[in-house]
Amino acid sequence: MPKSIGAILDSAAFDILARVLLTFMFWTSGLAKLIDFGGNAAVMEGFGLTPGWLFNAATLALQIGASLMIILDRGTWLATGALAIFNVLTIPIAHPF
């Protein structure tokens, strides 16, 4: 491997940037649920998840909390496992192809 690429991959800044980018879809979705809490609670109820406010709060807490854990490198395996299970569970509920 070229030394320049090795230096980039070994840098702490690249590590943090990679974690931010890899969790981007989760923390942005969580922030969207926080910013428009009522609207997203209604979406949850539209999927049959009642009470919508509770499911919205749990979802945004998971998405933002797990993303922060991964970005801060604290409990990364737990956070990635939680997000993986979340993804598997959302497929039949919110993405029924």
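**Helix packing and local backbone features in a predicted six-helix model**

Just after helix 5, Asp73 adopts a positive phi of about 60°. This value occurs although Asp73 is not a glycine. The structure described here is a predicted model. Asp73 is located in the loop between helix 5 and helix 6, and it counts as partly exposed because its relative accessibility is 40%, a value between the 20% and 50% cut-offs. Asp73 is also one of the contacts of Arg19, a residue of helix 2. Leaving aside neighbours within four places in sequence, the other contacts of Arg19 are Ile70, Ile71 and Thr76. With a relative accessibility of 16%, Arg19 counts as buried, since the limit for that class is under 20%.

The protein contains six helices and zero strands, and its pattern along the sequence is α-α-α-α-α-α. The radius of gyration is 16 Å, well over the 13 Å that the globule rule gives for 97 residues, so the protein is more spread out than a compact globule. Along the principal axes, the C-alpha atoms fill a box of roughly 55 × 30 × 20 Å. Buried residues account for 24% of the 97 residues. The exposed area is about 6500 Å², of which carbon and sulfur atoms supply 76%. Among contacts with a separation of 6 or more, 47% are between residues 24 or more positions apart.

Helix 5 (52-71) was examined for its geometry and its packing. At 1.5 Å a residue, its 20 residues should span 28 Å, and the end C-alpha atoms are 28 Å apart, which agrees. The buried residues of helix 5 are Gly52, Asn56, Thr59, Leu60, Gln63, Ala66, Ser67, Ile70 and Ile71. These residues cover an arc of only 150° around the axis, and therefore lie on the same side of helix 5. An α-helix has 3.6 residues a turn, so residues three or four places apart point the same way. The buried residues of helix 5 pack against helix 2 (12-22), helix 3 (24-35), helix 4 (37-46) and helix 6.

Ile64 is also part of helix 5. Once neighbours within four places in sequence are set aside, Ile64 is in contact with Trp27, Gly30 and Leu31. The C-alpha atoms of Ile64 and Leu34 are 9.7 Å apart, while the two residues are separated by 30 residues in sequence.

Helix 6 (76-94) was treated in the same way. For its 19 residues, a rise of 1.5 Å a residue should give a span of 27 Å; the end C-alpha atoms are 26 Å apart, which agrees. Ala79, Leu83, Phe86 and Thr90 are buried in helix 6. Their arc around the axis is only 60°, which puts them on the same side of helix 6. The face turned away from this buried side carries the exposed residues Trp77, Leu78, Ile85, Val88, Leu89 and Pro92. Helix 3 and helix 5 are included in what covers the buried residues of helix 6.

The largest nonpolar core consists of six residues: Phe26, Ala66, Ile70, Ala79, Leu83 and Phe86. Helix 5 and helix 6 are the elements that give two or more residues to this core. Helix 6 gives the most, with three residues. In soluble globular proteins, nonpolar side chains tend to be buried together. Ala79, a member of this core, touches Ala66, Met69 and Ile70 when residues up to four places away in sequence are not counted. Of these contacts, Ala66 and Ile70 are listed both in the core and among the buried residues of helix 5.

A further local backbone feature is found before helix 5. Thr50 and Pro51 are joined by a cis peptide bond, with omega about -5°. Pro51 lies in the loop between helix 4 and helix 5, and Thr50 is placed in the loop between helix 4 and helix 5 as well. Thr50 counts as exposed because its relative accessibility is 53%, the cut-off for that class being over 50%. Apart from neighbours within four places in sequence, Thr50 is in contact with Glu45 and Phe55.

Definitions and conventions. Residues numbered from 1 in each chain as written. Predicted model: local features only at pLDDT ≥ 70, side-chain atom pairs only at ≥ 80, totals over all residues. Heavy atoms only, no water. Core = buried A, V, L, I, M, F, W, Y, C linked by side-chain atoms within 4.5 Å. Buried < 20%, exposed > 50% of the residue type's maximum accessible area, 1.4 Å probe, protein only. Helix = DSSP H or I, 4+ residues; strand = E, 2+ residues; numbered from the N terminus. Contact = heavy atoms within 4.5 Å. Expected span 1.5 Å × (residues − 1). Arc of directions from axis to C-beta. Rg over C-alpha atoms; globule rule 2.2 N^0.38 Å. Areas by Shrake-Rupley, 256 points an atom, 1.4 Å probe, with all protein chains shown as cover.
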